[in-house]
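Trainee: I should like to go through the classifications used for this model and hear the reasoning behind each of them.

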Amino acid sequence: MPLVLVTHPRERLATYFGEQALANLQEVARVKLNPDAHDWSSSELIEAAQGCDVLIAYRQTALDADFFASVPSLLAAVRCAVDIRTIDVAAASREGILVTQASPGFGPAVAEWVIGAMIDLSRHISVAAAAYWQGQSVEPRMGRELRGACLGIMGYGEIGRHVARLAQAFGMRVCVYDPYVQPQDPVVESLALHELLACADHVVCLAPAKPETDKLINAQALSCMKPSAFFINASRGQLVDESALLLALDQGRLAGAALDVGCAVDQMPSPELARHPRVIATPHVGGLTPQAIAHQALETVVQTRDILQGRLPHGAVNPAQATRWMSRMST
């Protein structure tokens, strides 16, 4: 029976993989788990992966060229996430190893987090709750409704479309900036970035992390926004010039920000921004719901089953270069 290595640290397995996915995986292969509470180093990964046919990678697991050159039995690296930037796909291809990625099943979960963050920022919920928890007296503050406000969405992919539909239900005007997508909904306005930033009361960053989007929200972009506007980032930290955002918040040129991501370890919000009084920060939990996690984990198991049974899986990144897998399956 083939051997599959699951790299999720022991304390992350239940949350980021789940019992059902593990049970399904054990029906098609022998399963080797990470017994440690930490993410394995490259040398630990190399040792653990010896003799394994497939590796299912936790989102923090980095697979570099040294790793791929040191695992002669490995047929495939299956990423239990959409983001595969920590996998050296070119190195895997040189060794004939197949790489796959999961599809995004977290659209509704992240969209709900965005709406919740917008309401929290507009109604000062976290600020009041924190003051009460600390035993302080709390003065009522005037809030703002989402109804009638303008939402600017940067990146009109799956999550952006979910957010747009929810925002419309709240009676918001929805504008989007995406140079690659033209909205099909006639009530969703497509704008240039500077136009969107200038008119939006809530700017939500959902653009993909690519070299061309690095620090897309910089000092110049922030200067286009209204001082009464809120900035929400549920994409990736590298899309934001964090020093520029911090300065804008310090100077009162933004009303506030909500951050589920940042440039700290594991894509967490950076501590200096997270503790700012105008910021609501959460530890990268936008997509952390049972439904969202189950989608990717179960899909990962299906991919692994297909690989072991000689079928090209959905989500294959480098099928033409997966010569080791193809050779093994043909024998």
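Trainee: Why does C80 count as buried or exposed, whichever it is?

Mentor: This is a predicted model, and the class rests on a computed area. C80 has a relative accessibility of 8%. Buried means under 20%, so C80 counts as buried.

Trainee: What is the class of C52, and what makes it so?

Mentor: The relative accessible area of C52 is 0%. Because the limit for buried is under 20%, C52 is buried.

Trainee: How many disulfides does the structure hold?

Mentor: The number of disulfides is 0. C52 takes part in none, and the nearest cysteine sulfur to its own belongs to C80, 16 Å away.

Trainee: Why is there no bond from C80 to the closest cysteine sulfur?

Mentor: A disulfide requires two cysteine sulfur atoms within 2.5 Å. The closest cysteine sulfur to that of C80 is in C52, at 16 Å, and is therefore too far for a bond.

Trainee: Let us turn to the backbone. What is notable about phi in D266?

Mentor: Phi of D266 is near 60°, which is a positive value in a residue other than glycine. D266 is placed in the loop between β11 (256-259) and α12 (271-274).

Trainee: Which other residue of the loop between β11 and α12 should be considered here?

Mentor: Q267 lies in that loop. Phi of Q267 is also positive, near 60°, and Q267 is not a glycine.

Trainee: What makes D266 buried or exposed?

Mentor: D266 has 16% relative accessibility. The cut-off for buried is under 20%, so D266 counts as buried.

Trainee: Why is Q267 called partly exposed?

Mentor: Q267 has 21% relative accessibility. Partly exposed lies between the buried limit of under 20% and the exposed limit of over 50%, and Q267 therefore counts as partly exposed.

Trainee: How is K215 classed, and why?

Mentor: The relative accessible area of K215 is 40%. As exposed would need over 50% and buried under 20%, K215 is partly exposed. K215 is found in the loop between β9 (202-205) and α10 (219-224).

Trainee: Which residues is K215 in contact with, beyond its neighbours within four places in sequence?

Mentor: Contact calls for heavy atoms within 4.5 Å. With those neighbours left aside, K215 is in contact with Q238, L239, V240 and D241. In addition, the C-alpha atoms of K215 and G237 are separated by 8.6 Å, although the two residues are 22 places apart along the chain.

Trainee: How do you know that β1 and β2 pair?

Mentor: Pairing needs at least two bridges between the strands. β1 and β2 have 4 bridges and pair in the parallel sense. One of the partnerships is that of L3 with R30 in β2.

Trainee: What joins β1 to β3?

Mentor: 3 bridges join these parallel strands, against the required minimum of at least two. V6 stands opposite I56 in β3.

Trainee: What makes both faces of β1 covered?

Mentor: L3 and L5 on one side are buried, as are V4 and V6 on the other.

Trainee: Which residues of α3 (42-49) are buried, and what covers them?

Mentor: L45, I46, A48 and A49 are buried in α3. Their cover includes β1 (3-6), β2 (30-33), β3 (54-57) and α4 (65-69). Just after α3, G51 takes a positive phi of about 85°.

Trainee: What is the volume of the largest pocket, and which residues are the closest to its centre?

Mentor: The volume of the largest pocket is about 1200 Å³. It is lined by 49 residues, of which V82, F106, I159, S235 and R236 are the closest to its centre. The lining comprises 26 nonpolar, 13 polar and 10 charged residues. α8 (158-169) and α13 (290-308) each supply at least two residues of this lining.

Trainee: Which element gives the most to the lining of the second largest pocket?

Mentor: α7 gives the most, with 3 residues. The second largest pocket has a volume of about 220 Å³. Its lining has 15 residues, and L121, H124, V127, P277 and R278 are the closest to its centre. By class, 8 residues of that lining are nonpolar, 4 polar and 3 charged.

Note on methods: Residues numbered from 1 in each chain as written. Predicted model: local features only at pLDDT ≥ 70, side-chain atom pairs only at ≥ 80, totals over all residues. Heavy atoms only, no water. Buried < 20%, exposed > 50% of the residue type's maximum accessible area, 1.4 Å probe, protein only. 1 Å grid on protein atoms, 1.4 Å probe; cavity = no way out; pocket = protein on both sides within 12 Å on 5 of 7 lines; lining within 4 Å. Points joined across faces, edges and corners; volume = space filled by probe spheres on them. Nonpolar A, V, L, I, M, F, W, Y, C, P; charged D, E, K, R; others polar.
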